[in-house]
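Visitor: I would like a close look at one part of this protein, the pairing of its strands and the residues around it. Could you take me through that part slowly, as you would for someone in a first year of study?

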Amino acid sequence: MVTDPIADYLTRIRNAVKANHRIVEIPASNLKKEMTKVLHNKGYIRNYKFEEDNKQGAIKIALKYNPKTKQSAITSLERVSTPGLRKYADAETLPRVLNGLGIAIMSTSKGVLSDKEARKEHIGGEVLCYVY
């Protein structure tokens with residue numbers, strides 16, 4: 001049993017990037033699926049596929065690398081809000097990651113959004129992680 005599924009999700013991606021894997025498979029949940037969609041929309045991963053089985057299901061993520069330098073599009077994944085200490089930000093105090101070069105993935109009342117989308121919608125929420 002995993003006590004923090006989002007930290008597990010980020011750690012599996014981080015380990016796959018460090019090992020230069022092309023594809024990583026992660027147990028699925030609705031929140032992880034939405035986070036994967038945000039990563040794909042912002043260009044941090046190449047593609048993803050949700051596989052359903054009789055149990056939990058899985059997410060297969062194709063990681064994105066620069067063809068010349070073999071460097072990953074994801075440099076760092078950092079968990080912000082944990083089960084023991086939740087971090088929230090309102091619309092005025094939304095975080096800026098690397099002066100706008102990275103993204104913060106947030107859980108809001110309108111679903112899982114990046115910090116830029118939440119700023120445009122003018123809503124706050126729980127800051128799940130930083131990606132750059």
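Guide: Two strands are said to pair if DSSP finds at least two bridges between them. With that in mind, and remembering that this is a predicted model, we can turn to strand β6, which covers residues 103-108, and to strand β7, which covers residues 111-114. These strands run antiparallel and are joined by four bridges, and a hairpin of two residues leads from β6 to β7. One of the partnerships can be named, for Met106 has Leu113 in β7 as its bridge partner.

Strand β6 also holds Ile103, and this residue counts as buried because its relative accessibility is 2%, where buried means under 20%. Between the C-alpha atoms of Ile103 and Cys129 there are 8.4 Å in space, although 26 residues separate the two in sequence.

If we step back to the loop between β5, residues 88-89, and β6, we come to Arg96, which counts as exposed because its relative accessibility is 54%, where exposed means over 50%. Arg96 also belongs to a positive surface patch, whose other members are Lys42, Lys116, Arg119 and Lys120.

Another antiparallel pair can be set beside this one: strand β2, residues 45-51, is joined to strand β3, residues 58-63, by six bridges, and here Asn47 stands opposite Ala62 in β3. The hairpin of β2 and β3 has six residues between the strands, and in this hairpin Gly57 takes a positive phi near 90°.

Terms used: Residues numbered from 1 in each chain as written. Predicted model: local features only at pLDDT ≥ 70, side-chain atom pairs only at ≥ 80, totals over all residues. Heavy atoms only, no water. Patch = residues over 30% accessible without salt bridge, like charges linked within 9 Å, V, L, I, M, F, W, Y side chains within 5 Å. Areas by Shrake-Rupley, 256 points an atom, 1.4 Å probe, with all protein chains shown as cover. Salt bridge = Lys/Arg side-chain N within 4 Å of Asp/Glu carboxyl O. Lys, Arg positive; Asp, Glu negative; His and termini not counted. Charge placed at Lys NZ, Arg CZ, Asp CG, Glu CD. Buried < 20%, exposed > 50% of the residue type's maximum accessible area, 1.4 Å probe, protein only.
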